[in-house]
Amino acid sequence: MTDQTPNPELRRWLRTLPKAELHLHIEGTLEPELMFELARRNGVTLPYASVEAVRAAYQFTDLQSFLDLYYAGAGVLVTEQDFYDLAAAYLRRAHADGLCHVEIMFDPQTHTQRGVAIDTVFAGLARALREARDTLGISSYLLLSFLRHLSEEDAFDTLAAALPLREAYRDLWVGIGLDSSERGNPPEKFTRVYARCAELGFRLVAHAGEEGPAAYVRTALDTLRVSRIDHGVRSSDDPDLLQQLIRQRIPLTVCPLSNLKLGVVKTLAEHNLARLLRAGAMVTINADDPAYFGGYVLDNYLASAVALDLSHDELVTLAANSIHASFLPTPDKNRLLDQLAHAASQG
Ligand code: HPA
Ligand code: ZN
């Protein structure tokens, strides 16, 4: 979407608000144009004739129907330059949307399973992130995410392969996430590896309550001891859990257009984002996999604002929540919150 979309005024104002994006899979930012370019560069054959054919295939019925294409698309990422190009393109877009900070998930197992070295993945992503910090002024962290459809042993192996790189990427790699097929792969499957990651001092997040039940949000909190929940929209099925999230100010990284495209909600108008916000939950707005779901973070803010009749104050609260809920040090959060207050007062 561009400025030709409806509500250009609202879009322009939303762009001026300093914001953070906290739920973003870098593999999910692979636009079909770059997919074709990398396929050509690496001699990978795609099962599509054109960019248009790829886009036409993005008709998802549920999470798994998306994941099948997402993992297939990631097959074009081979070299350090590919990971650099992917992340650099996203960061340019993030900057254009007024993001001042991003926390990016990446799935090493998606690449190591195909014979790509984990060093290659880290090196390409880190080069783009550091360059964007220096040239665009956008800060970023990396969250290494385990694939939950694979075993805990596989997650331990991935952690072991990544740990020797920790020192080299200490400025970026701050946390651990859990993604992929949720149903049938409850958080408690990863209790031991999360305990180890906590001992190592990583910040912990996990996808829970996207397609899976509210009970998975509970076990992500109680068993994995995460400090932030990715999605978590099913939490409202359990009023006691929702009260706990509100009381403890546990952030939920909500992705409205993702939920729409994957059938978590039938229409944006019935999304519980506004109800959660108005009940006092620490909700944030994010894009998840923007190349696949038809919208980057600003598109998500705008579509939610329109569908849910969010007020300017509520939109500023959502932007403030994204800064509060980030893993930035407190002085950085305070500086960005001051900038946000200033920008909001100009609107
Ligand atoms: N859910 C689970 N796994 C994922 C997602 C998601 O929204 N995006 C990329 N991997
Ligand atoms: Zn996600």
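Ligand 1 and its surroundings

Ligand 1 sits in the largest cavity; to sit there, more than half of its atoms must lie within 2 Å of the grid points, and a cavity is a set of points on a 1 Å grid over the protein atoms alone where a 1.4 Å probe fits but cannot get out. The model is predicted, with pLDDT of at least 70 needed for local features and 80 or more for side-chain atom pairs, while totals for chains, interfaces and linings use all residues. Residues are numbered from 1 along each chain as written, chains are lettered from A and ligands numbered from 1 in the order written, and side-chain values use heavy atoms, leaving out hydrogens and water.

The shell around ligand 1 (residues with a heavy atom within 4 Å) includes Phe66, Tyr70, His207 and Glu210. Helix H4 (residues 63-73) chips in the most, with four residues; helices here are DSSP runs (H or I) of at least four residues, and strands (E) of at least two.

As for polar contacts (N or O pairs within 3.5 Å), a nitrogen atom of ligand 1 is 2.8 Å from a polar backbone atom of Ser180, and an oxygen atom of the ligand lies 2.7 Å from a polar side-chain atom of Asp288.

Away from the ligand, two backbone oddities turn up. Arg225, not a glycine, has a positive phi of about 60 degrees and belongs to the loop between helix H10 (214-222) and strand S6 (228-231). Asp309 has a positive phi of about 55 degrees, in the loop between helix H15 (297-308) and helix H16 (312-324).

Methods: A polar contact is a pair of N or O atoms within 3.5 Å; within protein, one must be able to donate a hydrogen and the other to accept it, and residues adjacent in sequence count only if both atoms are side-chain atoms. On a 1 Å grid over the protein atoms alone, a cavity is a set of points where a 1.4 Å probe fits but cannot get out, and a pocket is an open set with protein on both sides within 12 Å along at least five of seven lines; lining residues have an atom within 4 Å of a point.
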